[in-house]
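Hi,

Here's the structure I said I'd pass along. Have a look at it first, and then my notes below should be easy to follow.

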Amino acid sequence: MKTFIAPVVAIAGLLTAGYANAYTTYGCGSGSAKWSGTSKTIYANRASFPVGSGLESALYDAIARLNDNASNFTFNLVIDSYPPSLNNGYSEIWIENISPPGVTSLWWNGSCNLTEIDIRMDSSVTWTTSTSKTTQTNYGGTGRPFQTTLLHELGHGIGLGHEADEYNIMGQDWDHVSTNGESAYAYFGEDADDGAVFLYGGDGTQDVGVVHWRYTGASGEYSSHDRTRLLDPSTLAELPYSWVNGEKRYNVNRGQSVRVELTFENNGNDYQYEDTGYYVSTNSTISTIDTLLTTRSIGLSPDNVLTSAWNVTIPGNLNCSTAYWIGAVIDKDYSLVEYNSWNNATYIPIYTNFDFSCLFIFPGDITL
Ligand SMILES: [Zn+2]
């Protein structure tokens, strides 16, 4: 029996990439360690996840997001009061005082089949279990999202290693979220889905999404992420911004052409070619009822996260010195049957500068 410990802060070697710029798995012989079947029961400890607590709902969230994955694999969650321990023949999740935010321990047998995985979450971390974005450090809050870290650990639990080559949950987890309006959700994402399909085969489901996060480089075994940007179309320089509630808000002129950078993902099984609408909104919830600026068709294969910028023109009839949100909706015509549609839109905050044109009063603006 082999024992392999994969803490969130460091794991050594033993990783084999499926191919460049993609998920990693735990190498075992010439293949990868994985569960022999496509369903496994995992036991969470009731003392760690009290009835009706935020932690309990965050646990359900993370399991559901793992089970969204594009492969056939699912975890069956059972919450019980049996004292958890490492290497007792049961796969378990509990919370205790450990130094990393999360640790997953894996055991597999001589046939490279996983026999047990145990996930320990650190009780000393300042977690948020809320999907309200302003509770999260990414958006001016103080908590690390419990769901993103547990989902990262669950990724280890199906056989995925760390990944530093593209934007993905198996790199930095806390800034791998899908945000629109006031909510920021953990999600498995394209690269981890691709890895799950490699290990367990595809389930035939489809899902596309767009987020305002992007890959910025590697931090050891982990991908680093930062926000997508608003750029000058000619110089590709980032436009001026100020920080508002932990987010960059870009200063733009009415009538200005800007380049909107966003990250598009195919979290499903098959290639998709989708109509994407770019919108401007008076609030941070981007939807198809907002003002459409332009449309674009995007081809997405399920194995290469696409961060891509597109030119739009800030409408000349916006109010001056006013906050707006620019953003995109992928599959804006709802043509694709998806397992999640809450991840189809996101935003970038903007603020309209006061310029010379703001001094003019047009006849339509005068109320007599
Ligand atoms: Zn990890």
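One definition before the sheet: I count two strands as paired if DSSP finds at least two bridges between them. Bear in mind as well that this is a predicted model.

With that in hand, there's an open sheet of six strands, with mixed pairing, running in the order β18-β19-β25-β24-β21-β22. β18 (241-244) and β22 (291-300) are the edge strands; each has a single partner, so one side of each has no neighbour in the sheet. From one strand to the next, the twist averages 30°. If you zoom in on β21 and β22, you'll see that they run antiparallel and are joined by nine bridges. Tyr273 sits opposite Gly299 of β22.

While you're in that area, check the loop between β20 and β21 (272-281), where you'll find Asp270. Is Asp270 buried or exposed? Neither, quite: it counts as partly exposed, because it has 14 C-beta neighbours inside 10 Å, and a residue needs 20 or more to be called buried, or 12 or fewer to be called exposed. Asp270 and Leu300 are 30 residues apart along the chain, with 8.8 Å between their C-alpha atoms.

Next, the domains. The protein splits into domain 1 (2-199) and domain 2 (226-359), and their centres, taken over C-alpha atoms, are 30 Å apart. Across the boundary, 23 residues of domain 1 are in contact with 23 residues of domain 2. Which elements give two or more residues to the side of domain 1 that touches domain 2? Those are β12 (177-180) and α3. Of everything on that side, α3 gives the most, with five residues. Sorted by class, the side of domain 1 that touches domain 2 has eight nonpolar, nine polar and six charged residues.

That brings me to α3 itself, which I'd suggest colouring separately. Helix α3 covers residues 190-200 and is mostly covered, with 11 of its 11 residues buried. The buried set includes acidic names such as Glu190, Asp191, Asp193 and Asp194, as well as Val197, Phe198, Leu199 and Tyr200. What do the buried residues of α3 pack against? Their partners are β3 (24-28), β4 (31-32), α2 (146-157) and β20 (257-266). Just after the helix comes Gly201, with a positive phi of about 85°.

Shout if you'd like to go through any of this together.

Cheers

Conventions: Residues are numbered from 1 along each chain as its sequence is written. This is a predicted model: local features need pLDDT of at least 70, side-chain atom pairs count only at pLDDT 80 or more; totals for chains, interfaces and linings use all residues. Helices (H or I, at least four residues) and strands (E, at least two) are DSSP runs, numbered from the N terminus. Two residues are in contact if their C-beta atoms, placed from the backbone, lie within 7 Å. Axes are lines fitted to C-alpha atoms, for helices over the stretch in contact, and angles run from 0 to 180 degrees between N-to-C directions. Domain bounds come from an automatic or database domain assignment. Ala, Val, Leu, Ile, Met, Phe, Trp, Tyr, Cys and Pro count as nonpolar, Asp, Glu, Lys and Arg as charged, and the others, Gly among them, as polar.
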